[in-house]
Amino acid sequence: MKIIPVPCLDDNYAYLIVDESTKKAAAVDPVEPEKVLKAAGEVGAYVDCVLTTHHHWDHAGGNEKMRLQVPGIKVFGGSLDNVKGCTDQVENGMKLSLGKDIEILCLHTPCHTKGHISYYVTSKEGEDPAVFTGDTLFIAGCGKFFEGSAEQMYQSLIVTLGSLPKSTRVYCGHEYTVKNLKFMLTLEPENEKTKQKLEWAEKQREANQPTVPSTIGDEFEINTFMRVDLPEIQAKFSVNSPVEAMIEVRKTKDNWRG
């Protein structure tokens, strides 16, 4: 399985997931279809389907154009999201396959939007799995709670995504990593892992390289949104539950002007 990040717009990522034995590819959130199809052509792959994480235009806005460019293409999207250009709705727990070797599990991860889907991708080749988290989980961050509650974000991040193998590679919807890590250090200035990750991320961006992927294991170490179960995080906000801590971390981030 080959995964190719395709930078789009100002800071979005679309992705290609390529089944190397058949050269079939899935395009995740191809908001700029020309760029995604060009990237597929460069590796000799052809786009077989679209996986849409959520309905926001900077993720689903290329779907209709993609259908014009690739007649008959299937466009998947969450059944509770009104996804533009969607041909096939998916629900939590639905399984899709790509080519010969790749399986895709649809995970309902609501809060940013009520029908947000993350796609958990495994390969028979035995390599580390990957998850495409759209705007639910970012590296060292999470999406704004536009259509849901802190309880839902807790469920999506810690219960659903957090139960995936720690080695799962995380491919998120935006390049927000440097800013996110700087914010995390205002909450956890003593976190050495976060300091190291920020140093690395700044070098990556200076070289015009992406900071994806992270891993689920890394996020439990550097992402305070995923650390709200820890008593020391709850104590920082003088609260006694992970959901209350989630509310406080989000509120603090929303007001932060770093």
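## The second largest pocket

The second largest pocket has a volume of about 190 Å³. Keep in mind as you explore that this is a predicted model. Thirteen residues would be a lot to remember, so here are the ones to look for: of the 13 in this lining, Pro7, Tyr13, Arg205, Asn208 and Pro210 lie nearest the centre.

Two strands are good places to begin looking. Strand E1 (2-8) and strand E2 (12-19) each supply at least two residues of this lining, and E1 provides the largest share, with three residues. Sorted by class, the lining of the second largest pocket has six nonpolar, three polar and four charged residues.

## The largest pocket

Now turn to the largest pocket, whose volume is about 370 Å³. Which residues are the closest to its centre? Of the 18 that line this pocket, they are Lys144, Tyr176, Asn180, Arg250 and Lys253.

Helices appear in this lining: H5 and helix H9 (242-255) each supply at least two residues. H9 gives the most, with three residues. By class, the lining of the largest pocket has five nonpolar, five polar and eight charged residues.

## The nonpolar cores

Next, look inside the protein. The largest nonpolar core has 62 residues, and the members that touch the most others are Ile17, Leu51, Tyr119, Phe132, Leu157 and Met246. Which helix gives the most to this core? Helix H5 (residues 177-187) does, with six residues. A second, separate core has 19 residues, including Ile4, Ala14, Val31 and Met66.

Ile17 is a good residue to select in your viewer. Leaving aside neighbours within four places in sequence, Ile17 is in contact with Leu51 and Phe132, among others. The contacts of Ile17 also include Met1, Lys2, Lys24, Ala25, Ala26 and Val28, as well as Leu98, Ile102 and Val121.

## Two residues to compare

Start with Lys197, which is found in helix H6. Is Lys197 buried or exposed? Lys197 counts as buried because its relative accessible area is 12%, and buried means under 20%. Apart from neighbours within four places in sequence, Lys197 is in contact with Ile139, Leu181, Ser214, Asp218 and Ile222.

Glu190 sits in the loop between H5 and helix H6 (192-206). With a relative accessible area of 48%, Glu190 is partly exposed, because that value falls between the 20% limit for buried and the 50% limit for exposed. Glu190 and Val228 are 38 residues apart in sequence, and their C-alpha atoms are 16 Å apart in space.

## Cysteines without a partner

How many disulfides are there? The count comes to zero. Two cysteines help to show the reasoning. A disulfide needs a pair of cysteine sulfur atoms within 2.5 Å. For Cys86, the closest cysteine sulfur is in Cys106, 11 Å away, so the two are too far apart for a bond. The sulfur of Cys172 is 12 Å from the closest cysteine sulfur, in Cys142, which is also too far for a bond.

Are these two cysteines buried or partly exposed? Cys86 counts as partly exposed, at 23% relative accessibility, whereas Cys172 is buried, with a relative accessible area of 1%.

Note on methods:
Residues numbered from 1 in each chain as written. Predicted model: local features only at pLDDT ≥ 70, side-chain atom pairs only at ≥ 80, totals over all residues. Heavy atoms only, no water. Core = buried A, V, L, I, M, F, W, Y, C linked by side-chain atoms within 4.5 Å. Buried < 20%, exposed > 50% of the residue type's maximum accessible area, 1.4 Å probe, protein only. Helix = DSSP H or I, 4+ residues; strand = E, 2+ residues; numbered from the N terminus. Contact = heavy atoms within 4.5 Å. 1 Å grid on protein atoms, 1.4 Å probe; cavity = no way out; pocket = protein on both sides within 12 Å on 5 of 7 lines; lining within 4 Å. Points joined across faces, edges and corners; volume = space filled by probe spheres on them. Nonpolar A, V, L, I, M, F, W, Y, C, P; charged D, E, K, R; others polar.
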